[in-house]
Amino acid sequence: MPQLVLIAADLVAIGVLVLGVYFPRHRRRDLVAAYLGVNVGVLAVSTALSSSTVGVGLGLGLFGVLSIIRLRSTELAQSEVAFYFAALALGLLGGLGAGTTGAEVLVAGLMALVVGVMWAGGHPRLMRRYRQQQVVVDRAFTDEAALVAHLEGLFDARVHQVTVQRVDLVDDTTTVDVRLELGARTAAHRPAVPVEPQMTGQLHRSDLR
């Protein structure tokens with residue numbers, strides 16, 4: 001019975017993590033099937049190995065092997081990698097967590113902790129003004145200060161860090177990795193806007209002579 005409770009808890013946790021947290025934010029249908037399949041697969045294997053004396057060691061080895069295979073198969077964003085490891089962790093908790101007395105409450109709490117951290121850590125309101133982008137600028141910059149000023153004017157944001165990856169003097173381009181904060185550019189960083197002189201009053205013919 002405790003094992004069935006943990007399996008049910010894992011299925012609820014992975015359902016909330018993938019369908020309630022990941023998909024509404026990232027909208028990648030292919031990774032939904034990947035996360036669910038990895039979680040249930042790890043859960044099944046770790047449950048079968050939980051009665052063995054080497055079950056924990058094999059479970060951790062399985063964790064590492066699956067991580068290497070999955071992460072080398074395609075390029076994932078860092079946030080998607082975190083969801084992948086969370087799905088693996090939930091499967092291991094559900095399969096190997098029945099080895100101790102009263103493990104249902106502890107394992108359920110750890111599952112809730114994993115899901116809660118993933119919900120809070122990737123929330124759109126958390127540091128929402130910060131961005132990281134790779135940009136190809138249509139000028140070859142050799143002066144970092146001039147490059148930062150150009151990027152701040154281009155994005156209307158404050159540049160916190162810029163890493164020049166390539167300067168092409170032939171095609172006159174610069175490839176950079178930039179970390180910026182939207183809406184944080186102070187008035188001192190904004191370029192002065194020239195004001196054209198305006199004439200007031202009426203213009204008489206004598207003024208044109």
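Modeller: Buried means under 20% relative accessible area, exposed means over 50%, and partly exposed lies in between, computed with a 1.4 Å probe and protein chains only. The model discussed here is predicted: local features need pLDDT of at least 70, side-chain atom pairs count only at pLDDT 80 or more, and totals for chains, interfaces and linings use all residues. Residues are numbered from 1 along each chain as its sequence is written, and side-chain values use heavy atoms, with hydrogens and water left out.

Biologist: What pattern does the protein follow when read along the sequence?

Modeller: Helices (H or I, at least four residues) and strands (E, at least two) are taken as DSSP runs and numbered from the N terminus. On that basis the secondary structure comes to 6 helices and 3 strands. Read along the sequence, the order is α-α-α-α-α-β-α-β-β.

Biologist: What percentage of the 209 residues in the protein do buried residues make up?

Modeller: Accessible areas come from the Shrake-Rupley method with a 1.4 Å probe, and for residues only the protein chains shown count as cover. The accessible surface of the protein comes to about 13,600 Å², and 60% of that belongs to carbon and sulfur atoms. Of the 209 residues, the buried share is 29%.

Biologist: Which helix gives the most residues to the largest nonpolar core?

Modeller: A nonpolar core is a set of buried Ala, Val, Leu, Ile, Met, Phe, Trp, Tyr and Cys residues joined through side-chain atoms within 4.5 Å. The largest one has 27 residues, of which Ile-14, Leu-17, Tyr-22, Leu-31, Tyr-35, Phe-83 and Leu-90 touch the most other members. Two or more residues come from each of helix H1 (2–26), helix H2 (29–49), helix H4 (78–96) and H5. With 8 residues, the element that gives the most is H4.

Biologist: How many residues does the second, separate core have?

Modeller: Tyr-35, one of the residues that touch the most other members of the largest core, is a useful point of departure. Leaving aside neighbours within four places in sequence, Tyr-35 is in contact (heavy atoms within 4.5 Å) with Ile-14, Val-18, Tyr-22, Glu-80, Phe-83, Tyr-84 and Ala-87. The second core is separate and includes Val-135, Val-159, Val-176 and Val-178, its residue count being 12.

Biologist: Which residue's backbone oxygen does the side chain of Asn-39 reach?

Modeller: Asn-39 sits in helix H2 and counts as buried because its relative accessibility is 0%. Not counting residues up to four places away in sequence, Asn-39 touches Asp-10, Ile-14, Ala-87, Leu-90 and Gly-91. A polar contact is a pair of N or O atoms within 3.5 Å, where within protein one must be able to donate a hydrogen and the other to accept it, and residues adjacent in sequence count only if both atoms are side-chain atoms. At 2.9 Å, the backbone oxygen that the Asn-39 side chain reaches is that of Ala-87.

Biologist: Arg-129 and Glu-181 meet in a salt bridge; is Glu-181 buried or exposed?

Modeller: A salt bridge requires a side-chain nitrogen of Lys or Arg within 4 Å of a carboxyl oxygen of Asp or Glu, and for Arg-129 and Glu-181 the N to O distance is 2.8 Å. The pair links distant parts of the chain, 52 residues apart, with Arg-129 in the loop between H5 and strand E1 (130–137) and Glu-181 in strand E3 (residues 173–182). Arg-129 is partly exposed because its relative accessible area is 41%. Glu-181, because its relative accessibility is 7%, counts as buried.

Biologist: How many salt bridges does the structure hold?

Modeller: Asp-30 pairs with Arg-28, their closest N and O atoms being 2.8 Å apart, and Arg-166 meets Asp-168 at 3.5 Å. Salt bridges that share partners join Arg-28, Asp-30 and Glu-80 into one network. For the structure, the number of salt bridges is 5.

Biologist: How much accessible area do Leu-106, Leu-110, Leu-113 and Val-117 have together?

Modeller: Patches are made of residues with over 30% relative accessible area and no salt bridge, with like charges joined within 9 Å and nonpolar side chains (Val, Leu, Ile, Met, Phe, Trp, Tyr) within 5 Å. Leu-106, found in helix H5 (residues 103–121), is exposed because its relative accessible area is 53%. Leu-106, Leu-110, Leu-113 and Val-117 form a nonpolar surface patch, and together their accessible area is about 360 Å².
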